[in-house]
Amino acid sequence: MNKNRRQSIMINKIIYSIHRILGTLLSILFLMWFVTGMVLMYHTFPKVNNKQKTKVLDTLSVAHLPDFNSVLHQIPDSMLEGTIRLDQFLGETKFHVQAGKTECIIPADSLKTFSEVNWNYIKQTAEKWCSAQVIRVDTLRKLDQWIPFGQLKKDFPIYKFYYDDEENHQLYISSKSADVLQFTTSDQRFWAWVGAIPHWVYFTILRQDKDLWVKSVVILSALGILMTVSGIWVGIDAYLQRYRRQKKLASPYKKKWYWWHHVTGVLFGIFVLTWIFSGMMSLVDTPSWLGRTRNESSVDRVLSHRNVSSLNYKLDYRTVVKAYSGKIKSVEWDNFRNIPLYNIVTETDKVTIDASADTLRVLQLTEQDVLSAIHEIHGNHIPKNISLLTEYDAYYISKAGHLPLPVYRVNIDNEDKDTYYINSATGKYRHVNNHDRWGFWMYQGLHSLKIKFLLDYPWVWTLVMWTLLTGGAVVSLSGVVLGYRYVARKCRKLKS
């Protein structure tokens, strides 16, 4: 036997051993990931959403609302580029100014002071969120399964309310700010236990330390990638060896579980590999050398520079509140480029008002408005193509359909192939370049199959996802059985 042949055999033995050992250790984890992935298609981890927050707010009244200039004088200069929102809760009307992690709250009525955040205030908040009778309240000084995030430790103690209703609601409220941190039902908690929690490894002891959680999942995924690559090698090698010996392209394995593992591993191995890799990429930044960004443009500075003191709001916000009397839940100060805007939220809808004139009108950006903004970013000399997008494309796409249409799509003919999607009714935008496209495919494209053809036909997407996840589960289940038998054989040899 020549040297090259011996080296080839040795490499094969090493790869077979790597797959056997890692498969024995990780198959049950992979089985869990594929089964819980099926659940995640329909149920995710519960969290408080904006719709719930809006529902409990009072309706704004125009009475006692101050001139906005008097509010501006009370905002620190360092926070003028933050978001400003007006709402009312438990009879108190407040301006919320948020800049990064810093928040400043200003009373709308300067003659009033805010209620102290005490037990009585927190209890009233709990009653607003759920009308059922409270049967128990726990005082938490440790994170639990439904609030496993380390940044919430600043809210300790946290009050957990249990309600006597059919859905068994549970509500978490911060003792420091009276903010609602979580609101769950028994149904949501059940599906999270069989879906999101094991799939995302959302166990409190690990998830409360974000860095440790990310490192743990990335390491497990990396080992899984090594296991899968070695498995694909083993699967193909077994077919080739059978073909060399018998000129027959078939699995050499006769025992049932070996045969199932080999055949399904070859059929679904590439999917298993891309799915684990893309899952890992959900927690890892796309490498900078992939689709390297050559032109660093000031997109956010131009399109959404939020310094409200530099914008001319000709339309008084009180006029907007009065026009929608009895309907508005909140008003947010916003802008698109140099156009001042009010984002208003009613009980049933969201509307963006153009505040650049003293007459009430909803925003409707023109093609020229959009192009003027893009010219400011890229200059006039770079070729541009603008169109009105009435259906999703490859990179402006949503399975749930929550991304609004139509939008203006502007393609820039430069090295980065920048593309902008700008909503004419809200001024909201998305910016995509070559680096973002790589990131999209390395996570959402491969993991959630956010592929236009599939999402255009939801039943096809569902069929493909179920087929691939079932295939991955069968590969993993057969791996669990073989791993168990491998350990059992080793144990029997040790005993003998």
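In this predicted model, strand β1 (residues 83–89) pairs with β2 in the antiparallel sense, and seven bridges join the two. Within this pairing, F89 has E92 of β2 as its bridge partner. The hairpin of β1 and β2 has two residues between the strands, and L90 takes a positive phi near 50° there. A reader stepping along the backbone then meets a further pairing: β2 and strand β3 (residues 102–107) are also antiparallel, with six bridges. Here V97 stands opposite C104 in β3. The hairpin of β2 and β3 likewise has two residues between its strands, and in this hairpin G100 is the residue with a positive phi, near 65°.

Strand β2 thus takes part in pairings with β1 and with β3. Burial adds to this picture: of the eight residues of β2 (residues 92–99), six are buried, so the strand is largely enclosed by the rest of the structure.

Attention now turns to the nonpolar interior. The largest nonpolar core has 36 residues, and those touching the most other members are F30, F34, W275, I276, Y396, W461 and L469. At least two residues of this core come from each of the helices α1 (3–40), α8 (210–246), α9 (256–281), α14 (452–456) and α15 (458–495). Helix α1 gives the most, with eight residues. A second core, separate from this one, has 30 residues, and F95, C104, A108 and Y317 are included in it. C104 is also the residue of β3 that V97 faces.

W275 offers a handy place to look at the surroundings of one core residue. Once neighbours within four places in sequence are left aside, W275 is in contact with W33, F34, G37, H199, L446, H447 and L469. Among these contacts, F34 and L469 are, like W275, listed with the residues that touch the most other core members.

Helix α8, one of the contributors to the largest core, also holds V214. This valine counts as buried because its relative accessibility is 18%, below the 20% cut-off. V214 lies 13 residues from V201 in sequence, and their C-alpha atoms are 9.8 Å apart in space.

The surface has a nonpolar feature of its own. F190, W193, V194, F203 and I205 form a patch there, with about 520 Å² of accessible area together. I205 belongs to helix α7 (residues 204–207), and this isoleucine counts as exposed because its relative accessibility reaches 72%, over the 50% cut-off.

Notes
Residues are numbered from 1 along each chain as its sequence is written. This is a predicted model: local features need pLDDT of at least 70, side-chain atom pairs count only at pLDDT 80 or more; totals for chains, interfaces and linings use all residues. Side-chain values use heavy atoms; hydrogens and water are left out. Patches are made of residues with over 30% relative accessible area and no salt bridge: like charges are joined within 9 Å, nonpolar side chains (Val, Leu, Ile, Met, Phe, Trp, Tyr) within 5 Å. Accessible areas come from the Shrake-Rupley method with a 1.4 Å probe; for residues, only the protein chains shown count as cover. A salt bridge is a side-chain nitrogen of Lys or Arg within 4 Å of a carboxyl oxygen of Asp or Glu. Helices (H or I, at least four residues) and strands (E, at least two) are DSSP runs, numbered from the N terminus. Buried means under 20% relative accessible area, exposed over 50%, partly exposed in between (1.4 Å probe, protein chains only). A nonpolar core is a set of buried Ala, Val, Leu, Ile, Met, Phe, Trp, Tyr and Cys residues joined through side-chain atoms within 4.5 Å. Contact means heavy atoms within 4.5 Å. Two strands pair if DSSP finds at least two bridges between them.
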